[in-house]
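Reader: I would like a close look at one part of this model, with its surroundings described in the same plain terms. Please take the helices, starting with a covered one.

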Amino acid sequence: MMFRAHRTILMLFIALIIIFTLTSLCFIKILNRREEADAFKIKVHDYILSELPFVQDKFRQRHNFNDTLWDSFLKNTKTLTPNLKPEHVWNKVRSWVSKTQLYDPESPDLGNALGLLRSAKILKADVDSRGTQLKLLLTLEGGQQAVFKPKWYPIDKVIDGHVYAGKDRYGSEILALYLSAILHKPLTPLVTERNISLGREIVPVATKRLLSTIFSYKSLLCVYGKCFYCKREDPVCEDGSNLLSGAILVNVNVTFVNNRSPWQRTYKKGKLALWETLDDYCQLVKPKISTHRLLDLVDVSIFDFLLQNGDRHHYETLDGNVVLLDNGKGLGNPYTHHLDILAPLYQCCIFRLRNATWSRLQQLGGGMLKRHLESVPNISNFVTKEHINAIEHRLNIIYAAVEFCRKNRGMP
């Protein structure tokens, strides 16, 4: 009996040693993989950054050219036609939508549409449960639906941590519209800033499910909505003027196809995605999507890098073309530049960057991008000078990434 007991204990001890050994080996393997991945990222990123002095000198010269499309866009955003029927304007807005644009930068009705977004009477208010954060779905006079994303932070708030940390920044949604026009890629929804009174404009027309999430706190009305992260303990409240500021976007009423990004993050601490561990990851992506789609994703990575939106885990397409929806996670930290947002560019260097994209990026060198940004109407309301300077600096990093591709990956 005693012998059997000793043998059982011995067997258990051996089993524990085997389990411990296997676990240790797996853990070491994971650590090695992470170290190799980090070393790869550091090597590529360091090389790209080492090109900065060269490209800053190369693209320092300011280009003198007539940017007629940008000038027309800016003029149109400021044009207001009196006594227009809202229905007329909204019909125009809907007619602009195609696979190559969600708004028409050359339409004289741009200003009228933005003006209505800012001021049209709200006929109905509901929660918009799409996504992970608080949004309101509003029906405006004339029958157009719009999405309202509230302001959570002061514009000079620096968001530390992961590139996807924090709540949406309403200014990022607004700046995305102007950046898309600057890049000649009008693929964002029409959007502007709006101040809303919960008491006067929302409560009288709110649905029951929205009303159930509105409450008074210290004489101010607050709302928390219904979404994945929405909870009563974390509402957004009116300011001292009894107003709620935010971005209001046209709800583009077409069917978008939702796609998982090949460069999606894991959103799990200590767990890397495959694209973060493989130098030749793009070779796995190429057989699965068309060259056109891959070039779309490279363009998107450039757009996102300038904004520092590292949260595009999915992307939407319209008739096969990628559009630029959900841009609220940009403008987090102007002092940090997350180069891995550019992974589709520097991992897929074998593909030629679109001629139109590269040509436009070169035109914006020499401070032209910054000049364009500074000409955006009321930009100081929603973007700081630090963010504008950071975007200008990131353009040089994009130039450096292209130089890396040319010298190391055979990009033409």
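Author:
**A covered helix and a helix pair**

In this predicted model, the buried residues of helix α5 include L110, G111, N112, A113, L114, G115, L116 and L117. Helix α5 covers residues 110–119, and 8 of its 10 residues are buried, so the helix is mostly covered by the under 20% relative accessible area cut-off. Both helices and strands surround that buried set: its residues pack against α3 (68–78) and α4 (86–96), and also against the strands β2 (136–140), β3 (145–150), β4 (191–196) and β8 (244–250).

Helix α10, residues 291–307, is also mostly covered, with 15 of its 17 residues buried. Its length can be checked against its residue count. At 1.5 Å a residue, the 17 residues of α10 should span 24 Å, and the end C-alpha atoms are 25 Å apart, which agrees. Just after α10 comes Q308, which takes a positive phi of about 70°.

One partner of α10 is helix α6, residues 170–182. Two packed helices are described by the angle between their axes and the distance between the axes. For α6 and α10, the axes come within 11 Å and cross at roughly 130°. That angle makes α6 oblique to α10, and the crossing is right-handed. On the α6 side the contact is made by S172, L175, A176, L179 and S180, and on the α10 side by F303, L306 and L307. By type, the contact residues divide into 6 nonpolar and 2 polar, with no charged residue. An α-helix has 3.6 residues a turn, so residues three or four places apart point the same way. In α6, S172, L175 and L179 are among the residues that make the contact.

Two loop residues can be set beside Q308. K218 has a positive phi, near 55°, in a residue other than glycine. K218 lies in the loop between β5 (214–217) and β6 (220–223), and at 67% relative accessibility it counts as exposed. Y267, again a residue other than glycine, has a positive phi near 60°. The loop that holds Y267 runs between β9 (257–260) and α9 (282–285). Y267 is partly exposed, with a relative accessible area of 31%.

As for the whole chain, it has 14 helices and 11 strands. Of its 412 residues, 50% count as buried. Among contacts between residues at least 6 apart in sequence, 73% join residues at least 24 apart.

Key: Residues are numbered from 1 along each chain as its sequence is written. This is a predicted model: local features need pLDDT of at least 70, side-chain atom pairs count only at pLDDT 80 or more; totals for chains, interfaces and linings use all residues. Side-chain values use heavy atoms; hydrogens and water are left out. Helices (H or I, at least four residues) and strands (E, at least two) are DSSP runs, numbered from the N terminus. The expected span of a helix is 1.5 Å times one less than its number of residues. Buried means under 20% relative accessible area, exposed over 50%, partly exposed in between (1.4 Å probe, protein chains only). Axes are lines fitted to C-alpha atoms, for helices over the stretch in contact, and angles run from 0 to 180 degrees between N-to-C directions. Angles under 35 degrees count as roughly parallel, over 145 as roughly antiparallel, 65 to 115 as roughly perpendicular and the rest as oblique. A crossing is left-handed if the near helix is turned anticlockwise from the far one by less than a right angle, and right-handed if clockwise. Contact means heavy atoms within 4.5 Å. Ala, Val, Leu, Ile, Met, Phe, Trp, Tyr, Cys and Pro count as nonpolar, Asp, Glu, Lys and Arg as charged, and the others, Gly among them, as polar.
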